[in-house]
Amino acid sequence: MIFYWLMHYLGKILMFPFLGVVYPLKILGKKNMPKNKKIIMVCNHLSFVDVLQVWVRTPGWRRFLAKDEVGKSLARPFVKATGTIFVNRDGNDMKAVRKCIAVLGKGQGLNIFPEGTRNKSHEDLQELQRGVAMFAIKTGATIVPINILHKSKAFCKNYLSFGTPFTLVQFEGIANRQNTEQGTQMIFEAMQQAKQNTMQFLQDKGNTEMQA
């Protein structure tokens, strides 16, 4: 765990100047980020840069959940060194599921892109996978929805908004199909609201500039 923690923050330090210059990002609603460590941060997924932004520009240390193909790439040694959990999307990867539940059970956090793959339409959220809801119901972890507004482009300002954190404790630890489907819908709506927060900020900003 200490090794993962060190590699996580070493990467943050090394990547921060690059991201700040090449992919400028405005952070909104940072006060919504809870101080407790047992959180699942969920984010939409438009490009690989999203992973870097969530890693480097959001506070705290959390382990990523990534598709197994990433673990077979040339980046595997470093990605693995940060504590990333690889999941096989072709079937029910119970080994990865148990790892995620164990991580949360230890009071650590996870970063998950619940769409399961990049959104190539660049429009609203795709259908979410039910894994996040299952993890949250089984462990009582706090879910933190965030939204990255646009596909990141070099030297173009983008926005990352933190939504209101919430839990799924109302399901009393019972992660059956009905509860995970309801929980997934709640997560979907919270992620959509995070995007609306950004749109409202931009609208208010535009109105203020027009009045100046």
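The expected span of a helix is 1.5 Å times one less than its number of residues. In this predicted model, that rule can be tried on helix 4, which has 12 residues and should therefore span 16 Å. The C-alpha atoms at its two ends are 16 Å apart, so the expected and computed spans agree.

Helix 4 runs over 94–105. Its buried residues are Ala96, Val97, Cys100, Val103 and Leu104. Viewed down the helix axis, these buried residues fall within an arc of 125°, so they line one face of helix 4. The face turned away from that buried side carries Lys95, Arg98 and Gly105, which are exposed. On the buried side, the residues of helix 4 pack against four strands and a helix, namely strand 2 (39–43), strand 3, strand 4 (85–87), strand 5 (110–112) and helix 5. Just after helix 4 comes Gly107, with a positive phi of about 85°.

Helix 2 (48–57) gives another picture. Eight of its 10 residues are buried, so helix 2 is largely enclosed by the rest of the structure. Its buried residues are Val49, Asp50, Leu52, Gln53, Val54, Trp55, Val56 and Arg57.

Both helices also take part in the largest pocket. A general point comes before the details: rolling a probe the size of a water molecule over the atoms shows where empty space is left. The largest pocket has a volume of about 1,300 Å³. It is lined by 42 residues, and those closest to its centre are Leu65, Ala66, Lys67, Val87 and Arg89. At least two lining residues come from each of helix 2, strand 3 (63–67), helix 3 (76–81), helix 4 and helix 5 (131–139). Sorted by class, the lining holds 22 nonpolar residues, 12 polar ones and eight charged ones.

Strand 7 (158–162) is the next stop, and Leu160 lies in it. Buried means under 20% relative accessible area, and Leu160, at 0%, therefore counts as buried. Setting aside residues up to four places away in sequence, Leu160 touches Leu25, Lys26, Ile27, Leu28, Thr58, Ile146, Asn147 and Ile148. Leu160 and Arg57 are 103 residues apart in sequence, while their C-alpha atoms are 9.2 Å apart in space. Arg57 is one of the buried residues of helix 2.

The loops on either side of strand 7 remain. Between strand 6 (142–148) and strand 7 lies the loop that holds Phe155. Phe155 has a positive phi of about 65°, although it is not a glycine. Its relative accessible area is 60% and the residue is exposed.

The loop between strand 7 and helix 6 (177–211) holds Glu172. Glu172 is also a residue other than glycine with a positive phi, here near 55°. Exposed means over 50% relative accessible area, so Glu172, at 67%, counts as exposed.

Ala175 has its place in the loop between strand 7 and helix 6 too. With 27% relative accessibility, Ala175 counts as partly exposed. Apart from its neighbours within four places in sequence, Ala175 is in contact with Met134, Ile137, Lys138 and Thr180. Ala175 and Gln108 are 67 residues apart along the chain, and 20 Å separates their C-alpha atoms.

Key: Residues numbered from 1 in each chain as written. Predicted model: local features only at pLDDT ≥ 70, side-chain atom pairs only at ≥ 80, totals over all residues. Heavy atoms only, no water. 1 Å grid on protein atoms, 1.4 Å probe; cavity = no way out; pocket = protein on both sides within 12 Å on 5 of 7 lines; lining within 4 Å. Points joined across faces, edges and corners; volume = space filled by probe spheres on them. Nonpolar A, V, L, I, M, F, W, Y, C, P; charged D, E, K, R; others polar. Buried < 20%, exposed > 50% of the residue type's maximum accessible area, 1.4 Å probe, protein only. Arc of directions from axis to C-beta. Contact = heavy atoms within 4.5 Å.
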